[in-house]
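Subject: Handing over a structure, with notes

Hello,

I am passing on the structure that we talked about, and I would be glad if you could open it and keep it in view while you read the rest of this message.

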Amino acid sequence: MERRGEDRSGTLDDLRITIGGHGLRCAMRNLSPSGCMVECQDLVAEVGTRVEVVLLPGQVAAGEVAWQLGESIGIFFLEPISQRVVRHYAMDDWMLRSDWSMATWRSASD
């Protein structure tokens, strides 16, 4: 049975996470306001382990490991992130991102 309450946007981005006190670079494969899936090599994570996901400069999502299957880890965010952040990473808009500036991002409101 599917437990997700919302759609996830596919992504092709590498990002930094901190899990169990260790910083890692992982590949984020999908993202929604309530969580994400990342792929990290050689990582064993117990369900419930605290995680911080650096999404954008100044945008860190705190969460916990919801599941792990091989190199894939599901992360549940403790507080939902903005739909604007999800859209920033969405593969559908990937080609447009090169034109976005961080100044525009920071000045825009949700």
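Below I go through the overall layout, then the confidence of the model, and then a few residues that deserve a look.

Please keep in mind from the start that this is a predicted model. The chain contains two helices and six strands, and if you follow it along the sequence you will meet them in the pattern β-β-β-β-β-β-α-α. Of the 110 residues in the chain, 36% are buried, while the chain as a whole exposes about 7,000 Å², with carbon and sulfur atoms supplying 49% of that area. If you consider the contacts with a separation of 6 or more, 49% of them are between residues 24 or more positions apart.

The confidence is uneven, and I would ask you to read the model with that in mind. The mean pLDDT of the chain is 79, and 71% of the residues reach 70 or more. Among the elements, strand β6 (residues 72-77) has the highest mean pLDDT, at 96, whereas helix α2 (residues 102-107) has the lowest, at 42. Over residues 97-110 the pLDDT is below 50, although this stretch still has 16 contacts in the model beyond near neighbours in sequence. Where pLDDT is low, the predicted coordinates should not be read in detail.

Now to the residues, beginning with C40, which you will find in the loop between β3 (35-39) and β4 (50-56). Is C40 buried or exposed? Its relative accessible area is 3%, and because the cut-off for buried is under 20%, C40 counts as buried. Leaving aside residues up to four places away in sequence, C40 touches I17, C26 and E71. I17 is 23 residues from C40 along the chain, and the C-alpha atoms of the two are separated by 9.8 Å.

The other place to look at is a charged pair, and the count of salt bridges in the model comes to one. In it, E39 pairs with R29, and the closest N and O atoms are 3.1 Å apart. E39 lies in strand β3 and R29 in strand β2 (residues 22-32), so the salt bridge ties together parts that are 10 residues apart in sequence. Both partners are in the middle range of accessibility: E39 is partly exposed at 30%, and R29 is also partly exposed, with a relative accessible area of 31%.

With best wishes

Key: Residues numbered from 1 in each chain as written. Predicted model: local features only at pLDDT ≥ 70, side-chain atom pairs only at ≥ 80, totals over all residues. Heavy atoms only, no water. Helix = DSSP H or I, 4+ residues; strand = E, 2+ residues; numbered from the N terminus. Buried < 20%, exposed > 50% of the residue type's maximum accessible area, 1.4 Å probe, protein only. Contact = heavy atoms within 4.5 Å. Areas by Shrake-Rupley, 256 points an atom, 1.4 Å probe, with all protein chains shown as cover. pLDDT = per-residue confidence, 0-100. Salt bridge = Lys/Arg side-chain N within 4 Å of Asp/Glu carboxyl O.
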